[in-house]
Amino acid sequence: MLRNENEIACYLDYDYIFSGVGTSASLLLLELHRRNLLSNLKILFIDPDDKTRNDKTFCFWAHEDESIHKALSEIITYSWNTIEIDHSDKRSIDPFKYHHVSSLDLYSKVQELINHYNWTRVIAPVDLVSSDDLGPFLTVDGKQIRARKIFDSRTPKFEEAATNEVHLFQSFVGWEIETSNQIENKEAVRLMDFNVEQSNSTQFMYLLPFSKNRFLVEFTRFGSKMIEETEACQLLEKYIGNDFGEYKILSTERGCIPMSNCKIANAHHENVILLGARNYRIKPSTGYAFKNMYNHALEIAESIEKNNIKTIKAEKKKTSFSKSRFAFYDALLLLILKEKPEAGKKIFSELFKKANTFKVLEFLDEKSKITDEIALFSKLPWGPFLWALYLKVSKSISFRPLILFLFSILLSMLGRESMLQSVVGYGFLLVGLITVGIPHGAVDHLIEIGKWESRKVPIFIVKYLALAALMGICWYFLADGALVIFLLYSAWHFGQADGELWKLNRPTSLLWGGFLLVYILGTHTVETNVILKSIGATEFAFSLPYWIVFPWLIWSLIYQKSAFTITILWLTVATQLPLLLAFGLYFIGQHSVTSWKHISSALNQSNRSIWLHSLPFQLGAWLILALFIFLWPTAGNYDFGALNKFGVFFIFISCISFPHVITMNMLYGAKTKGN
Ligand SMILES: Cc1cc2nc3c(=O)[nH]c(=O)nc-3n(C[C@H](O)[C@H](O)[C@H](O)COP(=O)(O)OP(=O)(O)OC[C@H]3O[C@@H](n4cnc5c(N)ncnc54)[C@H](O)[C@@H]3O)c2cc1C
């Protein structure tokens, strides 16, 4: 139901609610205050933490003219203009300075504003942030509270890593120490000192000198496992002992920053604005977020200032990390840090040692030019990056269609129906049929029963054979009807697997499945009709041109489904191959491999174990094929003299796949319900 503004206003409790009052919320509030956008507003702050502890040390680099420097100058406690990496020479970062802000100073500023404006602060967790036809609301202790806008910065939950995504931890334990002696030449920030054990991670010490005898020393790990407190303390003791001698611990800091390019489990609602880590503001490869969050605060404040508070639209929804080239670099580095963590030390030290420090910091701010980036990369060890690139490409869903595309081109270059084309093409199909084509349809018992149970298997087999026989009877008495049924359930089945892979909805999947079958057959009418004739079905009266698939190509480009686009390209090339090769490439290379992946993920078992469990049924399938070829009855509606082996194979495939399609439909159905 649509409500008007006045009606909604009656239900409003506040103008703004800040759900979570941490760093991003504080930065936004300060910016709104700086622009005088808070007068006469009723604001509520809710966080389970009262924010009276100095729980974080924030650092960021900026030059003097940057607005972050001006806006936060009151709470910048230290600034340095030199950094040191891995005991290298000290490097000037001019015109940048590395600035330090204590979280407590930031939180105290917020508290001052709350007191000044007499706003309300509630110390409790928010249970839910949502919206309905009256606008956004949240619930605390079961009570619903409404506001014109909710700024939600609650700590986010990341979704499980999908293929090509990485979730790591930047965990650290730090001590602020006071040394008994004054230490000379300790004025530079040690961003990364790798002179510590690497322990199958990327680990370093981080050091901020506050004075000649006061330092923050932090042991940091980038890795899949978080650092244990006791291990970190031992390493800190050793490191400080070696470098500083006697010391006293003044305070401790520990924390963990996600280094992740996984999706965040966010629900998006009109007038609920996501902030901070919840809005993908942490740079995945470094864990730096402070400046990003400040820049986001600027964007929000600017749009509020420009639009008048009543009419401002909710900002564009961010549903993943950026897809820019920087996200790509981050993804490569995350892959290296996960799979080859020992390479991290070399990469980071070389980056800072060999390249211009200002350019590196600009690059980390995602403000560099592509030419500078090429110059930077040329100074890095190439091996791990090429390896990560291979890993990323080979894990991408576009990789398999790309291989099929190249393979189809190779086959067509070998010459239509040439000896070489037949050996390479049919050789591939035979190997594919044995390794995945038949096996992917021979694990239906595992999908239906869940696990191997000797007691239940005979009933399963009888049911399975009965369904296959039903299809055989159809073929025997009514070939045209059987053909239509076969095409329909095949379209459904192929569309289902491809649709699941490319995230298509059900109608589009079915449409695609149907089109695909007709396309492969219709671009090979002569060969198709030989088979149709041999099985007594009506022949195709039309022939399709290869370009008829192009509307799908345009569709896939519009929706940015690259794997789908490449599949269409190789299907177009495959129209130049014999029918059996074209269909076989699709059936093995696309359909069977895709279905196998869906099956192994649903069964949660290794490929080897599933393949071994499929063995008895694979043998059964080969046996039935032999029976078909040798014993197909010599009576009925057929001209059996003309029934060639391809025709028999066609009928065999249709019979054996009928129960398989039903089982796979159950699997995909269960998946949809689970989601
Ligand atoms: C120890 C530490 C040091 C860091 N140092 C730097 C640095 O030097 N430079 C840099 O760029 N980045 C740094 N980061 C990374 C990043 O800047 C911080 O993680 C930053 O705090 C993220 O801001 P945020 O607002 O998203 O989260 P937070 O500041 O963590 O705020 C989230 C708030 O939500 C609250 N909350 C949680 N659940 C609920 C709930 N159910 N209801 C209501 N409120 C809830 C929390 O109590 C918290 O106050 C650091 C991170 C850590 C952990």
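A residue counts as buried when its relative accessible area is under 20%, as exposed when that value is over 50%, and as partly exposed in between. In this predicted model, Glu448 has a relative accessibility of 26% and therefore counts as partly exposed, and Lys463, at 47%, is likewise placed in the partly exposed class.

## Salt bridges

Glu448 and Lys463 form a salt bridge in which the closest N and O atoms are 3.4 Å apart. This pair links distant parts of the chain, since Glu448 belongs to helix α14 (residues 444–449) and Lys463 to helix α15 (residues 457–477), with their positions 15 residues apart in sequence. In addition, Glu31, Arg34, Arg35, Glu302 and Glu305 are joined into one network by salt bridges that share partners.

The count of salt bridges comes to 29, and the table gives some of them.

| Pair | Closest N to O distance |
|---|---|
| Arg148 and Asp15 | 3.6 Å |
| Glu178 and Lys248 | 3.7 Å |
| Glu448 and Lys463 | 3.4 Å |

Arg148 forms its salt bridge with Asp15, and because Arg148 lies in strand β11 (residues 143–152) while Asp15 lies in strand β1 (residues 14–19), the pair ties together parts that are 133 residues apart in sequence. Arg148 is partly exposed, with a relative accessible area of 26%, whereas Asp15 counts as buried at 15%.

The side chains of Glu178 and Lys248 also meet in a salt bridge, and this pair connects strand β12 (residues 167–179), which holds Glu178, with strand β16 (residues 247–260), which holds Lys248, 70 residues apart. Glu178, at 29% relative accessibility, is partly exposed, and Lys248 is partly exposed at 48%.

## The ligand and its shell

Of the 28 residues around the ligand, those that come nearest are Ser24, Asp47, Cys59, Ala277 and Ala289. By class, this shell has 13 nonpolar, nine polar and six charged residues.

An N or O atom in the side chain of Ser24 is 2.6 Å from an oxygen atom of the ligand, while a polar backbone atom of Val126 is 2.8 Å from a nitrogen atom of the ligand. The ligand on its own has 980 Å² of accessible area, of which the protein covers 86%. The elements that give two or more residues to the shell are α2 (23–34), β3 (57–63) and α6 (290–307), and the largest share, three residues, comes from β3.

## A nonpolar patch

Phe328, Trp382, Leu386, Leu389 and Val393 make a nonpolar surface patch of about 460 Å², to which helix α11 (residues 382–395) gives the largest share, four residues. Leu389 has its place in helix α11 and is partly exposed, with a relative accessible area of 31%.

Methods. Residues numbered from 1 in each chain as written. Predicted model: local features only at pLDDT ≥ 70, side-chain atom pairs only at ≥ 80, totals over all residues. Heavy atoms only, no water. Near = heavy atom within 4 Å. Polar contact = N/O pair within 3.5 Å; in protein donor to acceptor, adjacent residues only side chain to side chain. Areas by Shrake-Rupley, 256 points an atom, 1.4 Å probe, with all protein chains shown as cover. Nonpolar A, V, L, I, M, F, W, Y, C, P; charged D, E, K, R; others polar. Patch = residues over 30% accessible without salt bridge, like charges linked within 9 Å, V, L, I, M, F, W, Y side chains within 5 Å. Salt bridge = Lys/Arg side-chain N within 4 Å of Asp/Glu carboxyl O. Buried < 20%, exposed > 50% of the residue type's maximum accessible area, 1.4 Å probe, protein only.
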